[in-house]
Amino acid sequence: MSGTRTEGEFKMTTPSTAGRGLLLLLVTLMTGPAWGGDFNATVSAGSDYIFRSESQTNHRPALQGSLEYDAADGLYGGVFASNVSWVRDARPPGMDVRNGIEIDAWGGFRHDLGTGFSYDLGVYHYAYPGRYPAHGYALPDTSEAYAQLAWHGLSVRYWYAFSNWFGMAGSAGSGYVDLNETWSFARTWMLSGHLGHQSVAGYRGAASFTDWKLGLGHQFRHAWLLSLAWSRGNGRRTWYSNDQGRLITRGALVATLSKSFGF
């Protein structure tokens with residue numbers, strides 16, 4: 001990810017209005033015993049953290065964790081955390097931008113329509129707490145709404161950014177559409193395919209790109225999952241190279257080991 005940066009005074013970031021609203025939703029869901037639902041948590045270690053073909057860790061390892069609460073009536077909310085480096089890596093030379101973690105929150109509603117069909121509606125907020133210039137700086141925090149329609153393992157989802165898109169000034173209204181398919185075979189194996197297109201508003205298509213991914217996973221006992229995925233994007237070097245000259249949308253083979261818990 002990249003954006004427009006200028007030097008200036010520093011400020012510490014605080015949760016945005018969207019972030020505070022999502023956190024309030026999560027607190028409401030998770031502290032309301034009348035809802036009746038389940039918690040699901042996942043911890044993972046991977047050789048990289050890829051998001052829409054972009055390496056968030058400069059092609060280095062990532063440690064991640066997530067927690068989601070699913071209410072009995074279809075409402076859900078969750079949080080996610082991971083180490084990242086892209087915010088620092090995208091800074092202009094000599095600028096002291098300080099961030100090393102991503103913390104996300106989301107909430108929504110999903111419903112099974114029967115005969116294999118389901119839909120999912122929600123909002124997602126990506127937060128990058130840290131220290132940033134106080135003036136003339138497009139902060140990386142991003143808020144998106146999404147809508148998904150699925151049939152068995154096939155799904156199509158559209159994301160709409162109602163804030164600037166990951167630090168790119170004037171990019172509110174950006175959209176991302178992705179098509180995903182997952183096949184299960186031999187009881188414990190999964191094959192997945194992904195194709196997506198990111199349209200970045202305000203840049204006349206210059207910052208837009210297409211990405212794709214193919215993955216293979218094996219489920220072990222006690223909810224352990226080992227996966228291997230190849231991803232690539234065609235984002236232009238002008239927009240998706242970091243301050244070390246590395247293209248973050250280049251092809252990457254990522255191995256991930258994760259463990260899930262239900263309670």
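Here are four short exercises with worked solutions on the structure above.

The model is predicted, so local features need pLDDT of at least 70, side-chain atom pairs count only at pLDDT 80 or more, and totals for chains, interfaces and linings use all residues. Residues are numbered from 1 along each chain as its sequence is written, and side-chain values use heavy atoms, with hydrogens and water left out.

**Exercise 1. The core**

Task: Find which residues have the most contacts inside the largest nonpolar core.

Solution: Start with the term: a nonpolar core is a set of buried Ala, Val, Leu, Ile, Met, Phe, Trp, Tyr and Cys residues joined through side-chain atoms within 4.5 Å. Buried means under 20% relative accessible area, exposed over 50%, and partly exposed in between (1.4 Å probe, protein chains only). The largest such core has 30 residues, and Tyr 128, Trp 165 and Tyr 240 have the most contacts inside it. Next, look at the elements that give two or more residues to this core: strands S6 (75–83), S8 (117–127) and S11 (154–161), and helix H2 (86–89). Helices (H or I, at least four residues) and strands (E, at least two) are DSSP runs, numbered from the N terminus. As background, nonpolar side chains in soluble globular proteins tend to be buried together.

**Exercise 2. Two aromatic pairs**

Task: Work out how the rings of Phe 209 and Tyr 240 are arranged.

Solution: Rings of Phe, Tyr and Trp (its six-membered ring) pair if their centres lie within 6.5 Å; planes under 30 degrees apart count as stacked, over 60 as edge-to-face and the rest as tilted. A search of the whole structure finds 20 aromatic pairs. Warm up with Tyr 146 and Trp 159, which are 4.9 Å centre to centre with 45° between the planes, a tilted pair. Tyr 146 is in strand S10 (residues 142–151) and Trp 159 in strand S11, 13 residues apart. Now for Phe 209 and Tyr 240: their ring centres are 5.3 Å apart and their planes are at 75°, so this pair is edge-to-face. Because Phe 209 lies in strand S14 (residues 209–219) and Tyr 240 in helix H3 (residues 237–240), the pair ties together parts 31 residues apart in sequence.

**Exercise 3. Following Arg 52**

Task: Find which residue forms a salt bridge with Arg 52.

Solution: A salt bridge is a side-chain nitrogen of Lys or Arg within 4 Å of a carboxyl oxygen of Asp or Glu. Arg 52 forms one with Glu 144, the closest N and O atoms being 2.9 Å apart. Check accessibility next: Arg 52 counts as buried at 8%, and Glu 144 is buried at 1%. Finally, Arg 52 also lies over the face of Trp 159, 5.2 Å from the ring centre. For this, CZ of Arg or NZ of Lys must be within 6 Å of the ring centre and within 35 degrees of the ring normal.

**Exercise 4. A small network**

Task: Decide whether Arg 110 is buried, partly exposed or exposed, and find which residues are linked with Arg 110 in a network of salt bridges.

Solution: Arg 110 has a relative accessible area of 33%, so this residue is partly exposed. Glu 68 forms a salt bridge with Arg 110 at 3.5 Å between the closest N and O atoms, and Asp 70 forms one with Arg 110 at 2.8 Å. Together, Glu 68, Asp 70 and Arg 110 are linked in a network. Asp 70 counts as buried, at 18% relative accessibility.
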